[in-house]
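Here are my notes on the two-chain model you sent round. I've kept them as numbered points so you can check each one against the structure as you scroll.

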Amino acid sequence: MKMRVLWLSAIACNGNTHSFLNYPYIEQFLNDFEFIYHQVIDSAYSLEDIVLNQIPCDILLIEGAISREFQRADVSVIEIIESYSKIVQKIVTVGTCATFGGIFRESDYENTSGLHFNQEKSLGNFQDILDKTVSLSGCPVHPEVLVNTLYAIKKSVNLKLDNFLRPKEFYAYTVHNGCTRNEYFEYKVDNHKFGELEGCMYYDHGCQAPYTHASCNKILWNEVNSKTRAGLPCMGCTEPKFPKQNLFETKKNMGIPEYLPVGVGKRTYLTLAGITKAFNIQRLQKKLFDD
Amino acid sequence: MSDKKQIKKEQIIQSALELFASKGFYNTTIPDIATSLKMSVGNMYNYFKSKDILAKEIIKHISIYLGKQLREINEQDISTKEKTRKIIEVYFKTASLKPEMIDYFLRIYLSTREVFKDGCEGMICINEFVTEIMIYFEEGVKCGDLREQDFFSAFGLFMGYLGGMVFLKGENILPKDLDDYIDDITFNIYKALSVE
């Protein structure tokens with residue numbers, strides 16, 4: 001029995017849709033799930049059918065930031081959510097905009113935010129559907145995170161969620177976990193150039209991996225790579241305050257990174273940094289291959 | 001380590017510090033230190049296996065002593081300018097109450113590098129002190145009082161100035177007491193580091 005899914009797009013760029021379309025096993029997925037509506041995938045109903053009626057479905061996926069002023073087919077997106085949230089088993093916020101407001105929080109629509117959160121702040125509305133919601137942040141969300149969450153819902157798995165309603169299975173880790181540059185991080189070597197294999201990008205190039213909750217280095221993108229593996233800093237796209245400014249620059253106060261790895265106190269960090277900086281490891285100072 | 005052994009260790013550190021300050025590092029021997037404490041040389045080696053090890057323990061001891069006082073200042077809810085003044089006061093107070101400590105730092109730790117090259121690389125042995133200075137700078141920048149810059153340009157300005165003043169005092173060149181300079185030094189350092 002296929003599960004019926006409504007993909008509702010609010011104030012969005014369709015980035016999550018593009019990410020989802022790169023899911024390598026989409027055919028298998030579409031054998032198990034049916035979109036009653038999706039803006040770019042053939043589906044059974046038109047947008048008008050969806051907003052004017054209450055078509056039976058099991059999961060409501062919301063992509064994009066939400067504002068009371070924003071409409072789809074002349075109906076407020078809030079009203080559409082209110083209507084469908086009553087009949088579905090689960091509501092899933094797909095991406096950082098739908099979860100925290102993301103970049104569209106800065107849009108012209110009034111009071112733009114995520115479904116339950118305005119950045120880190122918990123909102124009072126939609127309290128009645130709080131228990132039904134799963135948040136999948138990411139700009140865009142990793143397609144495997146989305147698909148595997150939907151399968152977990154289909155199989156009635158009891159998902160353990162963090163404080164932002166994100167499944168711990170995917171968000172209890174940090175992007176730092178599994179990063180191939182960890183040795184450079186440990187010994188405070190940041191001789192990084194974009195696209196190269198060498199160097200940690202946390203110290204000078206804005207990498208947010210040590211304090212960003214996501215599985216990007218554990219569940220690779222397109223099954224082969226991640227930003228940090230390719231030589232680009234993690235931009236913290238799964239976090240409530242995404243997007244920060246100056247993404248390629250580490251914000252520092254007198255040389256000390258403003259944001260420290262999760263759970264590390266400032267004194268502890270500085271003590272460790274003082275010790276590791278004393279090492280001078282030649283192997284990490286030079287190129288890995290063509291030296 | 002038992003309390004008794006710890007106390008003895010601290011006594012050795014203090015005596016060694018005083019001897020190093022008065023006679024110089026190379027002119028002071030382990031038997032000299034043992035004699036000053038009325039200990040046998042053999043017993044001394046139960047505490048410190050060599051003069052070099054003792055030398056490293058002493059610098060750690062000084063770093064912990066100063067770091068503890070700076071941490072108390074950092075944890076106070078006062079302005080960066082007030083913190084600046086208090087750090088200078090603590091440094092000068094140590095220079096007058098325990099001159100051997102600052103003297104050891106300036107004359108032995110900074111100028112006898114070969115003794116400290118293994119085991120005291122970088123800032124490992126003065127970590128507690130440097131960490132607190134870093135936190136003072138970091139919090140100053142964060143609250144908008146101090147200008148963001150490389151740590152060492154700020155550190156050199158601050159500690160070089162204080163070290164220089166204590167050195168001048170030690171050479172009997174300063175016409176006035178160190179405390180008489182606190183107002184001007186606070187003004188100069190803060191003005192040099194602040195965003196204004």
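1. Where in chain A does N111(A) lie? Look in the loop between α5 (96–100) and β7 (117–118) of chain A. Bear in mind that this is a predicted model. I'd pause at N111(A) for its backbone: phi is positive, about 45°, although the residue is not a glycine.

2. Staying with the backbone of chain A, have a look at two prolines. C139(A) and P140(A) are joined by a cis peptide bond, with omega at about 0°. P140(A) sits in the loop between β9 (133–136) and α6 (143–154) of chain A. There is also a cis peptide bond between F242(A) and P243(A), where omega is about -5°. For P243(A), the place to look is the loop between α9 (227–230) and β10 (252–253) of chain A.

3. On to salt bridges. Over all chains the count comes to 24. One of them is in chain A, where the side chains of E34(A) and R4(A) meet at 3.9 Å, N to O. This pair links distant parts of the chain: E34(A) belongs to strand β2 (residues 33–37) and R4(A) to strand β1 (residues 3–9), with their positions 30 residues apart in the sequence.

4. Now the contact between the chains. Chain B puts 24 residues into it and chain A puts in 13. The size of an interface is often given as the accessible area lost when the parts come together. Here the area buried between chain B and chain A is about 1500 Å², and carbon and sulfur atoms give 62% of that.

5. What about polar pairing across that interface? There are 4 salt bridges between chain B and chain A. Among them is E75(B) with R267(A), whose side chains meet at 3.8 Å, N to O. As for polar contacts, 4 residue pairs turn up across the interface, with both partners at pLDDT 80 or more.

6. Which elements of chain B give two or more residues to the side that touches chain A? They are α4 (51–74), α8 (127–142) and α9 (151–170) of chain B. The largest share comes from α8(B), with 10 residues. By type, the residues on this side of chain B divide into 9 nonpolar, 5 polar and 10 charged.

7. The disulfide is a quick one to check. The count over all chains is 1, and it joins C120(B) to C125(B), with S to S at 2.0 Å. Which hand does it have? The torsion about the S-S bond of C120(B) and C125(B) is about -85°, so the disulfide is left-handed.

8. Next, the start of chain B and its record. An unreviewed UniProt entry gives residues 6–66 of chain B as "domain: HTH tetR-type". In the model, residues 6–66 of chain B are 79% helix and 0% strand, and the end C-alpha atoms lie 19 Å apart. The unreviewed UniProt annotation "DNA-binding region" covers residues 29–48 of chain B. For residues 29–48 of chain B the figures are 70% helix and 0% strand, with 13 Å between the end C-alpha atoms.

9. One more annotation to look at. UniProt, again in an unreviewed entry, lists residues 151–168 of chain B as "transmembrane region". The model has residues 151–168 of chain B as 100% helix and 0% strand, and the end C-alpha atoms are 25 Å apart. Please read that label alongside point 6: α9 (151–170) of chain B is among the elements that give two or more residues to the side touching chain A.

Definitions and conventions: Residues are numbered from 1 along each chain as its sequence is written. Chains are lettered from A and ligands numbered from 1 in the order in which they are written. Side-chain values use heavy atoms; hydrogens and water are left out. UniProt positions are given in the numbering used here, feature names are shortened, and annotations may be inferred rather than shown by experiment. Helices (H or I, at least four residues) and strands (E, at least two) are DSSP runs, numbered from the N terminus. Contact means heavy atoms within 4.5 Å. Buried area is the accessible area (1.4 Å probe) that two parts lose on being put together, summed over both. A polar contact is a pair of N or O atoms within 3.5 Å; within protein, one must be able to donate a hydrogen and the other to accept it, and residues adjacent in sequence count only if both atoms are side-chain atoms. Ala, Val, Leu, Ile, Met, Phe, Trp, Tyr, Cys and Pro count as nonpolar, Asp, Glu, Lys and Arg as charged, and the others, Gly among them, as polar. A disulfide is a pair of cysteine sulfur atoms within 2.5 Å.
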